[in-house]
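Dear colleague,

I am handing over the structure that I have been working through, and it follows just below. Please keep it open beside this message while you read my notes.

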Amino acid sequence: MNEIREKFDEAVSILQCIHTELKLFLENNHPNKTSGQGSTSIVNIPFKGTELYLLHKAFIDSGGAPSETYKSLFEKTAPQLGNKNQKGFSVESLQKNSDKVDYESKENVKRFLQKMIRNIDSY
C-alpha cells in the first residue's frame, strides 16, 4: 500500500511541475489571454478624434515629449484610446483629423486644459 502511495505522490508531483511549466509558457506567449490586463485594454475618454489630435499636438509642441514626433506618439497612444463611438483609434484617422479641426474642438480642448490647470493649483 505504501508503494502505491509513493508512486501516486510522485505522479502528482510530476503533474504539478507540468502544470507550472504550462502556465509559464502561456504567460510568455499569450500575455493578454492569461492576465486580466493586456496591451489591448482601452482607456475610455470623452474626446472626439479632432480633440485627441489637438491634445497630442499641443503636448508635442509644448515639449511634453521632446524625443517624439506626432506620428510616433499617435502610434503609442491611439490604439489604447476609445470613446463612446469608437474603441481604439488608428494613427491614420488621427492624422486625418488635422483637416477637421474647428472652433468648437479648440474650445473644448482649451476648457479641458484650463480645468486641469485649476485642479493642479488646488493640489
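Leaving aside its neighbours within four places in sequence, which residues is Phe-89 in contact with? In this predicted model, Phe-89 touches Gly-49, Leu-52, Ala-78, Pro-79, Leu-81, Gly-82, Asn-83 and Leu-94, once those sequence neighbours are set aside.

To place that residue in the whole, it helps to start with the chain, which has 6 helices and 2 strands, arranged along the sequence in the pattern α-α-β-α-α-β-α-α. Of the 123 residues in the chain, 23% are buried, and the chain exposes about 9,600 Å², with 56% of that area supplied by carbon and sulfur atoms. Among the contacts with a separation of 6 or more, 54% are between residues 24 or more positions apart.

Phe-89 also belongs to the largest nonpolar core, which has 13 residues, and the members that touch the most others are Ile-45, Phe-47, Leu-52, Phe-74, Leu-81, Phe-89 and Leu-94. Helices H3 and H5 (91–96) each supply at least two residues of this core, and the largest share, 4 residues, comes from H3. As general background, nonpolar side chains in soluble globular proteins tend to be buried together.

Two of those core members return when we turn to the aromatic rings, for the structure holds 2 aromatic pairs. In one of them, Phe-47 and Phe-112 meet edge-to-face, at 4.8 Å centre to centre and with 80° between the planes. This pair links distant parts of the chain, as Phe-47 lies in the loop between strand E1 (43–44) and H3, while Phe-112 lies in helix H6, 65 residues apart. Why does Phe-47 count as buried? Its relative accessibility is 12%, and because the cut-off for buried is under 20%, Phe-47 falls within that class. Phe-112, by contrast, is partly exposed, with a relative accessible area of 30%.

The rings of Tyr-53 and Phe-74 have centres 6.2 Å apart and planes at 40°, so this pair is tilted. It too links distant parts of the chain, with Tyr-53 in helix H3 and Phe-74 in helix H4 (residues 70–77), 21 residues apart. Both Tyr-53 and Phe-74 are buried.

Finally, helix H6 (residues 103–122) has 20 residues and reaches 29 Å from its first C-alpha to its last, close to the 28 Å expected at 1.5 Å a residue. Its buried residues are Ser-105, Glu-107 and Val-109, and what covers them includes helix H3 (49–61).

With best wishes

Conventions. Residues numbered from 1 in each chain as written. Predicted model: local features only at pLDDT ≥ 70, side-chain atom pairs only at ≥ 80, totals over all residues. Heavy atoms only, no water. Buried < 20%, exposed > 50% of the residue type's maximum accessible area, 1.4 Å probe, protein only. Contact = heavy atoms within 4.5 Å. Areas by Shrake-Rupley, 256 points an atom, 1.4 Å probe, with all protein chains shown as cover. Expected span 1.5 Å × (residues − 1). Core = buried A, V, L, I, M, F, W, Y, C linked by side-chain atoms within 4.5 Å. Phe/Tyr/Trp six-rings, centres within 6.5 Å; stacked < 30°, edge-to-face > 60°.
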